[in-house]
Amino acid sequence: YQDLSYKLNFPMKKGNLSLFGFGGKSHISFDFPEDDPTNTMNWTGVSNDGSKSLFSGLNYTRFLGKSTRLVTSIAYSTRRPNANEDYFTDDVFVENRIGYEDIETKYIVSTKLISKLNPKNIITAGTRIERANVSSENYYNYVENDTIRRDSYNIFEADELYILNSYVDYKHKFSDQFSVNAGAHYQHFFYNNTYNIEPRASLKYEINNKSKIALAYGLHSQLQPLFFYFLKGDNDIVELNDQLDFTKSHQIVLGYDHLFSKNFRLKAEVYYQHLTDLPISDNFKYESI
């Protein structure tokens, strides 16, 4: 595997401009030797799995005053997972049992406003819009008349899949020891018009200058991988999964933090998660051996 990440900052009079991103690729191969007892055809083979990914963006922070700033970002990302299995006889290609390549690209625009209304109140609000394009190809390579040919199946391509995320968060300090965060997050997938509103809240209480306790609850939802919404039939796209909803997760965290000394701190958490609306498949049966 190889990867590279970068970030460049350009300070400005009333803000900051930064360029950031990362890219990487990975590859792993598994050999099937000829003397493998499970190999009944006396072929040698290799299974290849790989992936390529790229993410890059611009981030601009604008200070609107001493206590307010606006953060705007634009970004581009792509990922290309792939896999195949090739088989050989005497180092001559025989066939490719299965192969696939998926491509997902996203264009992202986001903005966030952070304002400290006064020493006791801070409000944060933001919106992110994503446009995604996905495509997938499953294929089978074989030799015919000394020529490598390819049969493709389960091909689909979907453009202009829009995803909206908006949120607002309010923090209030009742005192130097006790503070509350409360807010809501909204997600909308326009392809099938599914959406979810997620309330979130947390409490923090400082027992003394060395100990504090916190309690937080949040409803979190996750969009399914975009490829799951599409399924290729014999010759046409059959959208069997087009009404998939978000997977939802209720999460509760109780935490305790204690500072024993300048160089020694203890943090402990109790975490509970309850998942709902999980997608499953009824097309496969699994049996224990």
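A strand here is a DSSP run of E with at least two residues, and strands are numbered from the N terminus. With that in hand, welcome to a predicted model whose chain has 0 helices and 14 strands. Written from the N terminus on, its elements read β-β-β-β-β-β-β-β-β-β-β-β-β-β. Below is a friendly tour, from the whole chain down to single residues.

**The chain as a whole**
- Of the 289 residues in the chain, 30% are buried.
- Among contacts with a separation of 6 or more, 54% are between residues 24 or more positions apart.
- About 19,500 Å² of the chain is exposed, and 55% of that area comes from carbon and sulfur atoms.

**A nonpolar patch on the surface**
- Leu 203, Tyr 205, Ile 207, Ile 213, Leu 215, Tyr 217, Ile 252, Leu 254, Tyr 256, Val 270 and Tyr 272 make a nonpolar surface patch of about 970 Å².
- Four elements give two or more residues each to this patch: strand 9 (194-206), strand 10 (211-222), strand 13 (247-261) and strand 14 (264-276).
- In a regular strand, side chains point alternately to one face of the sheet and the other.
- Ile 207, a member of the patch, sits in the loop between strand 9 and strand 10.
- The relative accessible area of Ile 207 is 46%, so this residue counts as partly exposed, a class that lies between the 20% and 50% cut-offs.

**The hairpin of strands 13 and 14**
- Strand 13 and strand 14 form a hairpin, with 2 residues between them.
- The two strands run antiparallel and are joined by 13 bridges.
- One pairing to look for on screen is Gln 251, whose bridge partner in strand 14 is Gln 273.

**Asn 181 and its neighbors**
- Asn 181 belongs to strand 8, which covers residues 178-189.
- Its side chain makes a polar contact with the side chain of Asp 169, at 3.2 Å.
- Leaving aside residues up to four places away in sequence, Asn 181 touches Asp 169, Tyr 170, Lys 171, Arg 200, Ala 201 and Ser 202.

**Two residues with positive phi**
- Asn 193 is not a glycine, yet it has a positive phi of about 55 degrees.
- You will find Asn 193 in the loop between strand 8 and strand 9.
- Asp 277, also a residue other than glycine, has a positive phi near 55 degrees.
- Asp 277 is placed in the segment after strand 14.
- With a relative accessibility of 43%, Asp 277 is partly exposed.

Notes. Residues are numbered from 1 along each chain as its sequence is written. This is a predicted model: local features need pLDDT of at least 70, side-chain atom pairs count only at pLDDT 80 or more; totals for chains, interfaces and linings use all residues. Side-chain values use heavy atoms; hydrogens and water are left out. Patches are made of residues with over 30% relative accessible area and no salt bridge: like charges are joined within 9 Å, nonpolar side chains (Val, Leu, Ile, Met, Phe, Trp, Tyr) within 5 Å. Accessible areas come from the Shrake-Rupley method with a 1.4 Å probe; for residues, only the protein chains shown count as cover. A salt bridge is a side-chain nitrogen of Lys or Arg within 4 Å of a carboxyl oxygen of Asp or Glu. Buried means under 20% relative accessible area, exposed over 50%, partly exposed in between (1.4 Å probe, protein chains only). Two strands pair if DSSP finds at least two bridges between them. A polar contact is a pair of N or O atoms within 3.5 Å; within protein, one must be able to donate a hydrogen and the other to accept it, and residues adjacent in sequence count only if both atoms are side-chain atoms. Contact means heavy atoms within 4.5 Å.
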